[in-house]
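Please read the report below alongside the sequence and the model. It takes the chains in turn and then their contact.

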Amino acid sequence: MSRLSSSGPQTADAPTPEDAFHETATLDDRARGPQRGTEADGPMLAADGTPLKKSLARALRAQKLRALALIAPLLIFVLVTFIAPIADMLFRSVENQIVRDTLPRTSAALATWDAESGDLPPDSAFEALYSDLFLAAEARRHTRLGQRLNYENTGMSSLFRGTGRDVDDFGEANVEMLEDLDDRWEEAEFWISMTSGTGGAAVLDAARERFIRLDDLSTRGPLGDAWCGVKGVFGAPCAVSAEDVDLGFTLSGDFAETFPRTAEAYAEFAVFMAIEEEETVADDEPWEAVYVALDRDLRALSPEELAAYDGPEAEALRAAQAALADVPPVDFRAAFVASDEDWGTVEPWRTIRTYAPPYTTGYFLNAVDMQKTPDGPALRDEDERIYGLLFQRTLFMSLMITFSCILLGYPVAWLLANLPMRTANLLMILVLLPFWTSLLVRTSAWKVMLQQQGVINDVLVWLGLVADDGRLIMINNQFGTIVAMTHILLPFMILPLYSVMQTIPPSYMRAAKSLGATPLTAFRRVYFPQTVPGIGAGSILVFILAIGYYITPEIVGGTTGTFISNRIAYHISSSLNWGLAAALGSILLVVVLVLYWAYDKIVGIDNVKLGG
Amino acid sequence: MSDGIAITGAKTLPFSFTLPVVGAAGALFGLFAGTAQGATLLGVLGGAAICAALAWAALSLAGVERERAVKWGVIALFALAGLLVGRIAGAIVGALFGWFLGWFIYWIGRGRYRMFLPPYLTAGEVLWHYTFRVICGAVFVFLITPILVVMPLSFNAENFFTFTPEMLAFDPEGYSLKHYRDFFTSADWQQALRNSILIAPVATLLAVSFGTLAAIGLSSEHVPFRQAIMAVLISPMIVPLIISAAGMYFFYSRIGLQGTYLGVVLAHAALGIPFVIITVTATLVGFDRSLTRAAANLGANPVTTFRRVQMPLILPGVISGGLFAFITSFDEVVVVIFVGSANQQTLPWQMFTGLREQISPTILAVATILVCISIALLTTVEILRRRSERLRGMSPG
């Protein structure tokens, strides 16, 4: 029997690329040998007269470049199609631009507010929130923000949705006052003639920039504008760049200086019309926020200051200022509280302030069952902790699967390694066939086998071991997941074990026995220690694969047999909490990479065998 | 350990050993047969008695000379008994049991179980040897049964996931091809099949062409940062699919590739690349570099050398890498669910929705077809691997 030399077909102990490397290295040494010897007698020259050393270095450099040129296309391909997505996911797990993009003025106004004092924010914050929320509601972006903040503080979603509906009517009396005063206030042309001029480009640019960010048309991200280029290659609509937006009018610098709020609100209106409605300011009268802003500006100016203003329609403005003195100023605080009394509490303001920075650890805290509190990160309440449990369960079940695989795989690998080649090859088919069969086929097979009306229960009932009304529940729980995944991952355990066991000479066991060891001792002291590398390799492989499994737990796992990956999928496709999904994914990725690193140290990536 | 050569002589063992062993086996089967008929104790006793009696009759009355006749007789006897109890299915089970019993009686009674084992083994060691075989057999059954069970069920005439009584009675009425007809006529399944066929080969082509070039580059000496490059290229295989899927979903929707055919193809190509890299670098290891030098020496330019010398030799590795990439894409479901849209619904995706929502045996028909495809692919890879080893002058498997 030639067990010693026979390298089985499935694991033909293929030398690794590493070997080729060493081989060529020695070849090179040999090639260099004579050259070194002759160095004392002056440099050896190549045929064209250059020193051989130089010529060799040049040849090597060319070779190196050629190798890199061959690798480069694939490397770029993998970097773009695979590594960039992973980087994007990591970025998303901390990215939190939505609050700052949707509520920029509010974030700025709250920056100086002391959230711990227990006092409500100043009036300026309410006013800032009005102008932010008005634009966001017009662009229908406020619900998205509400949803985002709802992950952190339940109730924010309905708060934003409700107030978003009411925000049009804030300051209604003042708006009507203006409109009743002079019909021209309702004419688009009047507004254009009042605000047009030159020198206000900066205000318009700021409004463009702001709206593009709000509408998520920007090209931000780790690679910034590079997105745009990549998008263009694939023919997708590229991000809207601020220069391309034609507003149909230019702002007067004087007007912007005297009426800063109005200029800002009107500029935003103009950008909204251009981008969202694809019209210009000439097509419609401004929205309420512009009137409210004008009201604020007129009140801020003294009559003397206004008298000094000599821009277009100055007369109308002066008349408006006089008329507005009869109505009270807009009370934003009262209006917000009237819309939803939660605005009168510190809680929503604190949430906005906490999540205003562009990057947050909030998702990661969430992923480990923690939350931000005034006193720093703290664990959630007992009944709200789900991810710790889920991570524990994922680890526990992956370990169970790994152990089951060792338990079932070890005897089979031993048998395969010790049978004559022909028989072993035949039996190997039984291992390789499941390995090559579609994952979905195997999962559906287990559904067929394990369900209550399934094959196993039918057989047990037929044999009389189980009563017909007492059929075992083997699916939609942890048992189902463990059985099905053990079956699916078993080949990944058998194949490395087999390749290790093949290299162990059977004479060792015989020697141990002839020296007086019982079969058990011989196995324990001689055979088993030699198979430990195989067990290690197989275990890490199975564990890495098991910990990130999605399909099988989803189908046979029910509610108690699911993994963390199922939760990630849920957050991506159902709850749409992408940040949390990305954070959970990042944690899982770190675990897998640590294991991968260990695998590389123990086995080496180059030694990954494909069982075929 | 069996070498195929008998190293211990066979002899008729005393009845004090044979009868209890055969009787115990009979009792075990009697237990099942009895419970199925509702009389456990009777089954155990009857089974033990019948089997022990048969063993005695076979070994002492008929003897070794008429072994063949006795075996057929036992098969006929149990087939008939099974026919009376459970019609055709019973007859088949009975015949199988009769075949086993006939063999078992002579195997035990004549001491044939020791024939291929060294004579010095103790009884305990012999027992362990066969127990071990049975354990391994059970694991093989565990490995292969789910795949085998799917096949007959796909011919079910009913819309169930289980064996109907008609199927167990081998009634032709219980079988039909309707699920296969379903598969070939349903617009959903056909669309899925078309998508799978459109996506997998293109992804494979991308993976193989980029992968082979890079593998050749990686195998040449003095590649800087070889370890780091290798780690990057292999990473799609190591990173859990759900993470790749999540990342690709986020990133591809940023750059407008989410929900497009191109996006799915690129994603699948990325997933297939590690397999191509691994198989082709493994093939290149045995590649004799002096061949390319000889070709260059004889005046071939690098392209010709590659086309005429290197490629034919590494072709088996390239093809088997390609098959791995193909099966990866063809079988992939997590990434396509996230990166694709309804228009890119592939076969595995359709199966996945089928399993989650409406359960139809059409899935089993598709599964059977896929198993046949896997068998074909497995055979191809195996043949190629052997050919490759032969070409490279390594041990022919």
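The report starts with conventions, then covers chain A, chain B and the interface.

This is a predicted model: local features need pLDDT of at least 70, side-chain atom pairs count only at pLDDT 80 or more, and totals for chains, interfaces and linings use all residues. Residues are numbered from 1 along each chain as its sequence is written, while chains are lettered from A and ligands numbered from 1 in the order in which they are written.

## Chain A

Chain A has 29 helices and two strands. Here helices (H or I, at least four residues) and strands (E, at least two) are DSSP runs, numbered from the N terminus. Of its 612 residues, 41% count as buried. A residue is buried if 20 or more other C-beta atoms lie within 10 Å of its own, exposed if 12 or fewer, and partly exposed in between, with C-beta atoms placed from the backbone. Among the contacts in chain A with a separation of 6 or more, 73% involve residues 24 or more positions apart. Two residues are in contact if their C-beta atoms, placed from the backbone, lie within 7 Å.

Chain A is divided into domain 1 (97-169 + 330-358), domain 2 (171-329) and domain 3 (387-607). These bounds come from an automatic or database domain assignment. Where domain 1 of chain A meets domain 2 of chain A, 15 residues of domain 1 contact 18 residues of domain 2. On the domain 1 side, the elements giving two or more residues are α3 (97-102) and α5 (123-138) of chain A. α5(A) gives the most to that side, with five residues. By class, the domain 1 side divides into six nonpolar, three polar and six charged residues. Ala, Val, Leu, Ile, Met, Phe, Trp, Tyr, Cys and Pro count as nonpolar, Asp, Glu, Lys and Arg as charged, and the others, Gly among them, as polar.

Three loop residues of chain A are set out here.

| Residue | Loop in chain A | C-beta atoms within 10 Å | Class |
|---|---|---|---|
| Asp369(A) | between α19 (362-367) and β1 (370-373) | 18 other C-beta atoms | partly exposed |
| Asn476(A) | between α23 (455-463) and α24 (478-502) | 20 other C-beta atoms | buried |
| Leu576(A) | between α28 (564-573) and α29 (578-602) | 15 C-beta neighbours | partly exposed |

Asp369(A) has a positive phi of about 65 degrees although it is not a glycine. Asn476(A), also not a glycine, has a positive phi of about 60 degrees. Leu576(A) lies 257 residues from Ala319(A) in sequence, and their C-alpha atoms are 51 Å apart.

How far apart are the end C-alpha atoms of α24(A)? They are 35 Å apart, which agrees with the 36 Å that its 25 residues should span at 1.5 Å a residue. The expected span of a helix is 1.5 Å times one less than its number of residues. Still, α24(A) bends by about 40 degrees at Leu489(A), and a proline, Pro491(A), follows within four residues. The bend at a residue is the angle between axes fitted to the seven residues ending there and the seven starting there. α24(A) is mostly covered, with 23 of its 25 residues buried.

## Chain B

Chain B has 15 helices and zero strands. Of its 397 residues, 42% count as buried. Of the contacts in chain B between residues at least 6 apart in sequence, 69% join residues at least 24 apart.

The radius of gyration of chain B is 30 Å, whereas a compact globule of 397 residues would have one near 21 Å. The radius is taken over C-alpha atoms, and the globule rule is 2.2 Å times the number of residues to the power 0.38. The C-alpha trace of chain B spans about 80 × 55 × 30 Å along its principal axes. The domain assignment gives domain 1 (1-117) and domain 2 (187-391) of chain B. Their centres, taken over C-alpha atoms, are separated by 52 Å.

Helix α3 (residues 67-109) of chain B spans only 12 Å between its end C-alpha atoms, while a straight helix of 43 residues would span 63 Å. α3(B) has a kink of about 150 degrees, centred on Gly86(B). Just after α3(B), Gly111(B) takes a positive phi of about 65 degrees.

## Contact between the chains

The contact takes 101 residues from chain A and 102 residues from chain B. Helix α2 (residues 52-92) of chain A gives the most to the chain A side, with 21 residues. By class, that side has 72 nonpolar, 20 polar and nine charged residues.
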